[in-house]
Amino acid sequence: MRNFIGYSDLINNFKDRCLKNTLSHAHLIAGEDGIGKSKLANILAKLILNGDLEREYVDIINYKSSKASFGVDEVRDIIEEVSKKPFEGDRKVIIIHEGNKLTIQAQNALLKTIEEPPIGVHIIILCESLELILDTIKSRCEIYKLTPLTKNELYEYIKIKGFDYNESDIRSAIAFSEGIPGRIDRYFNDENLRELRNKVIELIKSLNKNDVEIVLQQEEALSTLKDNKEEVLNIFGSFIRDILIDKEVENEEFIINGDKLDDIRELTKEMSFRKLNNMIKTIEEARKNIKSNVSWVMTLRVMLMGFMEG
């Protein structure tokens, strides 16, 4: 608990309802990947058990699926677990991770259990988006929508995690995170992310020089990242945004990718507002193509061609 940052009002209100015995038996926590849903769910589960936040409990059961979807068979296992008596006390908490993986059939199979669980059983479902959760499920749950952390909370998170970087790197990590603490971890520790950001800024420089050979090489490398296509577009967008901001205000405090400031300053001198705004529009068209199920390879090629034409 002492290492968990944010949502203190939510936790205190939840604790108060636990003490007053006015708590719902079903809960739905929604928020972006990396925002802290699992840790928060564990805290709430321990409060339900009236337990010590610093120890673990066998009556907190976590369900995760390694498959692309969470089907009826997995839900049957959950229902079977729900019917078993608690080990240590008179309460049990079931935490279902990645609730967006639950198929419609699985959600329907889970519905009656959520509606009328045995006395003392509480269910917590975690999801990134409420859109894929059936209304019949949502209507039976207390819903908690986790919003991004404040800048001060993110500084506290970095302090607790023990990240030892200079102020410029910390500002860049916080800007990159957009309030999601897990993204700070990735910014400092994920080599794949670091490599991707390097590829994108080099590609933008090559596009600006109309270096077709390099662009084609980078296109081939990026085409393998179909599982991370949204992140690729986000990184492109963040660099273009930084170049625009630098052209307008020349204040590095507003730059997201502060570790690439020299590259951004170089591109600021070379790229026009017209070209940069056209690139932003091209990225938005790419997002629309993805939502329309256009293949990533085709989406990427059209986007890069649009960049060069702009």
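How much area does the chain expose, and what share of it do carbon and sulfur atoms supply? Put a surface on the whole chain and you are looking at about 16,600 Å², with carbon and sulfur atoms supplying 47% of that. Keep in mind as you go round that this is a predicted model.

**The whole chain**

Switch to cartoon. You should be able to pick out 14 helices and five strands. Turn the view along the principal axes: the C-alpha atoms fill a box of roughly 70 × 40 × 30 Å. Colour by burial next, and 47% of the 310 residues count as buried. If you draw the contacts with a separation of 6 or more, 72% of them come from residues 24 or more positions apart.

**The charges**

Now select the charged side chains. There are 45 positive and 54 negative ones. Drop a marker at the centre of each set, and the two markers sit 3 Å apart.

**The cysteines**

Which cysteine sulfur is nearest to that of Cys 127? Select Cys 127 and Cys 141 and show their side chains. A disulfide is a covalent bond between the sulfur atoms of two cysteines. The count of disulfides here is zero. For Cys 127 the nearest cysteine sulfur belongs to Cys 141, 9.3 Å away; a disulfide would need the sulfurs within 2.5 Å, so Cys 127 is in no disulfide. Seen from the other end, Cys 141 has the sulfur of Cys 127 as its nearest cysteine sulfur, and Cys 141 is likewise in no disulfide. Bring the surface back over this pair: Cys 127 is buried at a relative accessible area of 1%, and Cys 141 is buried too, at 12%.

**Two loops with a positive phi**

Before the next stop, a reminder: most residues other than glycine have a negative phi. Go to the loop between helix H7 (167-177) and helix H8 (181-189), and select Glu 178. Glu 178 is not a glycine, yet its phi is positive, about 55 degrees. Is this residue buried or exposed? Glu 178 is exposed, because its relative accessible area is 56% and the cut-off for exposed is over 50%.

For the last stop, move along to the loop between helix H13 (273-291) and helix H14 (296-309), where Asn 293 lies. Asn 293 also has a positive phi without being a glycine, this one about 65 degrees. With the surface on, Asn 293 shows up as exposed, with a relative accessible area of 70%.

Note on methods. Residues are numbered from 1 along each chain as its sequence is written. This is a predicted model: local features need pLDDT of at least 70, side-chain atom pairs count only at pLDDT 80 or more; totals for chains, interfaces and linings use all residues. Side-chain values use heavy atoms; hydrogens and water are left out. Buried means under 20% relative accessible area, exposed over 50%, partly exposed in between (1.4 Å probe, protein chains only). Helices (H or I, at least four residues) and strands (E, at least two) are DSSP runs, numbered from the N terminus. Contact means heavy atoms within 4.5 Å. Accessible areas come from the Shrake-Rupley method with a 1.4 Å probe; for residues, only the protein chains shown count as cover. Lys and Arg count as positive and Asp and Glu as negative; His and the chain ends are not counted. The place of a charge is taken as NZ of Lys, CZ of Arg, CG of Asp or CD of Glu.
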